[in-house]
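Subject: The structure I promised you

Hi,

Here is the structure I said I'd pass on. Have it open while you read, and turn it around as you go.

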There are 2 protein chains.
Amino acid sequence: MRMNEGVEWAMHSCVNLSWMPGQPVTARHLAAFYDLPTAYLNKQLQALTRAGILTSVSGPKGGFQLARDPRNITLLDIVVAIDGPDEAFRCTQILKAGPGADPKADYTKTCLVSQAMRSAELAYRRELAGQTIADIAGRVVETTPEAPANARNRFANLRS
Amino acid sequence: MRMNEGVEWAMHSCVNLSWMPGQPVTARHLAAFYDLPTAYLNKQLQALTRAGILTSVSGPKGGFQLARDPRNITLLDIVVAIDGPDEAFRCTQILKAGPGADPKADYTKTCLVSQAMRSAELAYRRELAGQTIADIAGRVVETTPEAPANARNRFANLRS
DNA sequence: GGCAAGGTACTCGGATATACGATGTCCGAGTCAGAAAGG
DNA sequence: CCTTTCTGACTCGGACATCGTATATCCGAGTACCTTGCC
């Protein structure tokens, strides 16, 4: 099991965007920040836009910015936007082929293996839903107070 | 993100094996139980064997059986055996390319995004580690008391 | 009749093809800014 | 000098290649049982 690595890029990008309120940042700049492939990062940002996490503006002076307060953007929102809403474990209802199976039963609900896996993923998602971009950004500032200024400087220098 | 579907097969197979104590069951029989591809299920069972969850015996009257008490086999054990020990989210330390980066720092530890994702996966694994094959099997018997007998009968009929 | 040796059939085990999705790239649609020309 | 139009460059957006991994399969190694021949 391997998570889409764009999730990592998206999270760091959102943290950076939280330090550029009201100021669109282009995919090219965000990519240059961490030396990432521009076109591919752009694709991830598009997904975030479709999910309503970012807003995009075209043309010169365009770019991406957070669509809402970073305190209302959870890590789960980002994971779902990039990696898809499906659960990792997918019950294929193999019990249907077993002895004494009920053809009408929905084993994604009743199968106990499925239930156990679902409860574990629920714990995972609950943990992610409890963390927001604002939480991360705030904790970064605690340990590295100059981080927001660093970001703004780098974006300004890239603009030249 | 999508989990190896062999995990589902492995869990159901282990539950069934818990009802056949001391009696080896062949991969062919386990596959026929749920109408699964024999050779591929065999591969998963081999992985469980390498992980020390099952023991295998070759030759006629051979097959697989649980290597230890099902109360000591957690769902996490099975997931790790089949899906690998790596975490889904892998920190690639993109902060190393950012401004003010410390080349000697291990950002898999210090990066706050990485920490948040790790804590979520820990919650996931903790949940899985709290469930054993014996727990599942016991709950199955509560709802379907005839399940163990059904399994033994089907295996016996397949043998003929 | 009992025993031993060989053959056979059945099992696991790992090496080998194939299909699908993640990764990476490219070009077109849309848009704003600035320049240039006319009033 | 101001206004308006046109051109151009820059952005996002989605369609198109490429690579890696999960999926699926096959044949070889090993073993217990059964048969057969001998004592």
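Below is what I found in it, beginning with the two protein chains and moving on to the DNA. One thing to keep in mind throughout: this is a predicted model.

**How the two chains meet**

Let's start with chains A and B. On each side, 48 residues take part: 48 of chain B are in contact with 48 of chain A. How much area do the two chains bury between them? About 4300 Å², and 71% of that is on carbon and sulfur atoms. In case you wonder about that number, the size of an interface is often given as the accessible area lost when the parts come together.

What about specific pairs across the interface? There are 10 residue pairs in polar contact, and the count of salt bridges is 0. On chain B's side, at least two residues each come from helix 1 (6–17), helix 2, helix 4 (75–83), helix 6 (112–129), helix 7 (133–143) and helix 8 (147–159). Helix 6 of chain B gives the most, with 11 residues. Sorted by class, the side of chain B that touches chain A has 28 nonpolar, 9 polar and 11 charged residues.

**DNA strand C**

Now for the DNA. Strand C has 23 residues around it, and the closest are A:Asn4, B:Ala27, B:Gln46, B:Arg50 and B:Ser56. Of the strand C atoms that come within 4 Å of the protein, 63% are sugar and phosphate.

Some individual contacts are worth clicking on:

- B:Arg50 has a side-chain N or O atom 2.9 Å from a phosphate oxygen of strand C.
- B:Arg28 puts a polar side-chain atom 3.2 Å from a phosphate oxygen of strand C.
- B:Asn42 goes to a base instead: a polar atom of its side chain is 3.2 Å from a base nitrogen of strand C.

Which parts of the protein make up this surface? Helix 3 (38–50) of chain A supplies at least two residues, and so does each of helix 2 (27–34), helix 3 (38–50), strand 1 (54–57) and strand 2 (63–66) of chain B. By class, the residues near strand C are 9 nonpolar, 10 polar and 4 charged.

**DNA strand D**

Strand D is surrounded by 23 residues, with A:Gln46, A:Arg50, A:Ser56, A:Phe64 and B:Asn4 the closest. Sugar or phosphate makes up 64% of its atoms within 4 Å of the protein, and bases make up the rest.

Here are three contacts to look for:

- A:Ala27 uses a backbone N or O atom, which lies 3.1 Å from a phosphate oxygen of strand D.
- B:Glu5 has a polar backbone atom 3.5 Å from a phosphate oxygen of strand D.
- A:Asn42 has a side-chain N or O atom 3.2 Å from a base nitrogen of strand D.

For this strand, helix 2 (27–34), helix 3, strand 1 (54–57) and strand 2 (63–66) of chain A, together with helix 3 of chain B, each supply at least two residues of the nearby surface. Those residues divide into 9 nonpolar, 9 polar and 5 charged.

**Inside chain A: helix 4**

Is helix 4 of chain A enclosed or open? It is largely enclosed by the rest of the structure, because 7 of its 9 residues are buried. The buried ones are A:Leu75, A:Leu76, A:Ile78, A:Val79, A:Ala81, A:Ile82 and A:Asp83. They pack against helix 1 (6–17), helix 3, helix 6 and helix 7 of chain A, and also against helix 6 of chain B. Just after helix 4, A:Gly84 takes a positive phi of about 95°.

**Three residues to compare**

Finally, a few single residues in chain A:

- A:Gln131 sits in the loop between helix 6 (112–129) and helix 7 (133–143). It counts as buried because its relative accessible area is 17%, under the 20% cut-off. Beyond its sequence neighbours within four places, its contacts include A:Leu75 and, from the other chain, B:Ala116.
- A:Thr110 belongs to helix 5 (residues 107–110) and is partly exposed, with a relative accessible area of 45%.
- A:Lys104 is in the loop between helix 4 (75–83) and helix 5, and counts as exposed at 74% relative accessibility. Its C-alpha is 22 Å from that of A:Ala116, 12 residues away in sequence.

Have fun exploring!

Terms used:
Residues are numbered from 1 along each chain as its sequence is written. Chains are lettered from A and ligands numbered from 1 in the order in which they are written. This is a predicted model: local features need pLDDT of at least 70, side-chain atom pairs count only at pLDDT 80 or more; totals for chains, interfaces and linings use all residues. Side-chain values use heavy atoms; hydrogens and water are left out. A residue is near a molecule or strand if one of its heavy atoms lies within 4 Å of it. A polar contact is a pair of N or O atoms within 3.5 Å; within protein, one must be able to donate a hydrogen and the other to accept it, and residues adjacent in sequence count only if both atoms are side-chain atoms. Helices (H or I, at least four residues) and strands (E, at least two) are DSSP runs, numbered from the N terminus. Ala, Val, Leu, Ile, Met, Phe, Trp, Tyr, Cys and Pro count as nonpolar, Asp, Glu, Lys and Arg as charged, and the others, Gly among them, as polar. Contact means heavy atoms within 4.5 Å. Buried area is the accessible area (1.4 Å probe) that two parts lose on being put together, summed over both. A salt bridge is a side-chain nitrogen of Lys or Arg within 4 Å of a carboxyl oxygen of Asp or Glu. Buried means under 20% relative accessible area, exposed over 50%, partly exposed in between (1.4 Å probe, protein chains only).
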